[in-house]
Amino acid sequence: MVISDIPFPAGVRTHTAQDATQQAQALAAAVAKALGQALEHQDNASLLVSGGRSPIAFFEALSEYPLAWTRIQVGLVDERWVAPDQPGSNEALVRTHLLRHQATLAQFVGLYTPASHLEQAADQASQNLLALKRPVDVVVLGMGEDGHTASLFPGNSALAQALAPDGSALCLPMQAPVAPHPRLTLTYPVLSAAQHLFLAVQGMAKLETLNQALQLEPCQMPIRAFLDQPLELYWCP
Ligand SMILES: O=C1O[C@H](COP(=O)(O)O)[C@@H](O)[C@H](O)[C@H]1O
């Protein structure tokens, strides 16, 4: 399969890189441009990024751009409900690899709070998110091979609420099917309202996932919900 064989809807623009390093650089350039343009006509701009393993090179490339970082809010599309000093924390990933160099000056709006249960943590995260400029200027999604994006996992009982286009919740609790940690995820209405929506994926298996998602419903592969709107898709083998 090659990316040009996939019948993406017209709003999906594909950008193919040779490898992960080039992909990270191209994505960082595009995100920096979008943030810079937003700051030309706004006091502040907001950026939400994904966790996982793949975004590290992108974070490090973006952190070197000479943006007006004091006017940029950085947050997460999802989080494992673990303290930032624990393995698996997306907040720790962002603090280590993105909030450095000039980007140290950005305001971080995180999702983790030490609540007594996950639902309470999601409510508290929703409160924290009220500080975020919305609609969010730039959202960078990732995707798992099962078609999950953010922590919108297929088969989860809270998924329908999180994907509802008219839902009012900003952040909801979610359970990952296999991973040990409970999750917090931003909802479809918050993520899809972004002024600039990017999706970064790597590898043939994830290309197959995207192809498959086009034939399925969002509740089966949540990434499907984001493929009918303007989306910049960055892919590398
Ligand atoms: O669990 C997660 O996985 C996805 C994909 O991560 P990747 O390292 O395979 O790209 C990520 O987008 C999501 O934010 C994260 O929590």
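Two residues count as being in contact here if their C-beta atoms, placed from the backbone, lie within 7 Å. By that yardstick, and in what is a predicted model, Val77 has quite a list of partners once its neighbours within four places in sequence are set aside: Leu48, Val49, Ser50, Val139, Leu141, Ala150, Leu186 and Leu191.

Some of those names come up again in the largest nonpolar core, which has 71 residues. Val77 is among the members that touch the most other members, along with Val49, Val139, Leu141, Phe198 and Leu199. As for where this core comes from, helix H1 (residues 20-41) supplies the largest share, with 6 residues.

Ala150, one of the contacts of Val77, has a backbone quirk of its own. Its phi is positive, at about 45°, even though it is not a glycine. Ala150 sits in the loop between E6 and helix H5 (159-163), and it counts as buried because 29 C-beta neighbours fall inside 10 Å, against a cut-off of 20 or more.

His101 is another residue other than glycine with a positive phi, near 50°. It belongs to the loop between helix H3 (90-97) and strand E5 (107-109). Here the surroundings are partly exposed, with 14 other C-beta atoms within 10 Å of His101.

One more backbone feature turns up at Pro135, in the loop that runs between helix H4 (118-129) and strand E6 (138-141). The peptide bond leading from Arg134 to Pro135 is cis, with omega near -5°. Features of this kind stand out because most residues other than glycine have a negative phi, and most peptide bonds are trans.

Note on methods: Residues are numbered from 1 along each chain as its sequence is written. This is a predicted model: local features need pLDDT of at least 70, side-chain atom pairs count only at pLDDT 80 or more; totals for chains, interfaces and linings use all residues. A nonpolar core is a set of buried Ala, Val, Leu, Ile, Met, Phe, Trp, Tyr and Cys residues joined through C-beta atoms within 7 Å. A residue is buried if 20 or more other C-beta atoms lie within 10 Å of its own, exposed if 12 or fewer, and partly exposed in between; C-beta atoms are placed from the backbone. Helices (H or I, at least four residues) and strands (E, at least two) are DSSP runs, numbered from the N terminus.
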